[in-house]
Amino acid sequence: MLRLLEFHRSPNCVKVRIALSYKGLPFEMEEISSADRSPLLRAANWPLVPVLIDGEVRMRESEAILHYLESNHRDAPSLTPDRIEEIRRGDALRDETQARLRPILRAAFNEAMKPEPNRDASAVQRLGAALEPALGPLERVLAASPFLLGERMSTYDVVLACTLMPARASDEFARQSPMWAFLRDNLSLPESMGGVRGWVDRVLEHDVPPARA
Ligand SMILES: N[C@@H](CCC(=O)N[C@@H](CS)C(=O)NCC(=O)O)C(=O)O
């Protein structure tokens, strides 16, 4: 059975859970404590989550894990685009969008990770306004099709939608963590981004983790 070492609310771990669930691959999850990285070091000589254990194989880095699943579990439904041009288009959309989003989301995350009395909610709300120009190209794509490359979900959807999770925090995560509650209350995708909002939800719906043992 595949085993995922994770922080359950980490967007990089959600990426892997979505791919595993979409592909219908049974897996177990092991929650790692940030105070004790030894299970990660033992498994993959790497202190960060996610790490995926597949028999003798140990994979680290979320996007590398997605590629590993795509190239090694071919009987399962595919998240790989069919054509080279789609891969080029997906790469460009991912890289350009992430470059625009990175400074905004990093600043919001840094604020959310501060101890509660030091957090500046209005600074994060102002960051939300900067999402609108950063997401303009994505909104135009998603106004015309359900997924970034057309009718079918691909790894590009998984990666980019999870990148946007801090601006679309679920009530479940908010109940579990004050940091996610702060993000839910202060950072959101602008109302004008209906295409992007619907698409993030559509992709995140595939995060259906198995019950914990
Ligand atoms: N590029 C890596 C990033 C891995 C990473 O930064 N993981 C974070 C969680 S999202 C982590 O383990 N951080 C250590 C910590 O927060 O203590 C990936 O995509 O997997």
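These legends accompany close-up views of a predicted model of a protein chain with a ligand.

**View 1. The two domains of the protein chain.** The domain assignment places residues 2–72 in domain 1. Domain 2 covers residues 84–204. Their C-alpha centres are 22 Å apart. Across the boundary, 11 residues of domain 1 are in contact with 13 residues of domain 2.

**View 2. The ligand in its pocket.** The largest pocket holds the ligand. The surrounding residues are Phe-7, Ser-10, Asn-12, Arg-37, Leu-48, Val-49, Pro-50, Glu-61 and Ser-62. By character, this shell divides into four nonpolar, three polar and two charged residues.

**View 3. Side-chain contacts to ligand oxygen atoms.** Arg-37 places a polar side-chain atom 2.4 Å from an oxygen atom of the ligand. For Ser-62, a polar side-chain atom lies 2.6 Å from a ligand oxygen atom. Both Arg-37 and Ser-62 belong to the set of residues around the ligand.

**View 4. A backbone contact and the cover over the ligand.** At Val-49, the backbone takes part: one of its N or O atoms lies 2.8 Å from a nitrogen atom of the ligand. Taken alone, the ligand exposes 510 Å². The protein buries 67% of that area. Leu-48 and Pro-50 are also among the residues around the ligand.

Technical notes
Residues are numbered from 1 along each chain as its sequence is written. This is a predicted model: local features need pLDDT of at least 70, side-chain atom pairs count only at pLDDT 80 or more; totals for chains, interfaces and linings use all residues. Side-chain values use heavy atoms; hydrogens and water are left out. A residue is near a molecule or strand if one of its heavy atoms lies within 4 Å of it. A polar contact is a pair of N or O atoms within 3.5 Å; within protein, one must be able to donate a hydrogen and the other to accept it, and residues adjacent in sequence count only if both atoms are side-chain atoms. Accessible areas come from the Shrake-Rupley method with a 1.4 Å probe; for residues, only the protein chains shown count as cover. On a 1 Å grid over the protein atoms alone, a cavity is a set of points where a 1.4 Å probe fits but cannot get out, and a pocket is an open set with protein on both sides within 12 Å along at least five of seven lines; lining residues have an atom within 4 Å of a point. A molecule sits in a cavity or pocket if more than half of its atoms lie within 2 Å of its grid points. Ala, Val, Leu, Ile, Met, Phe, Trp, Tyr, Cys and Pro count as nonpolar, Asp, Glu, Lys and Arg as charged, and the others, Gly among them, as polar. Domain bounds come from an automatic or database domain assignment. Contact means heavy atoms within 4.5 Å.
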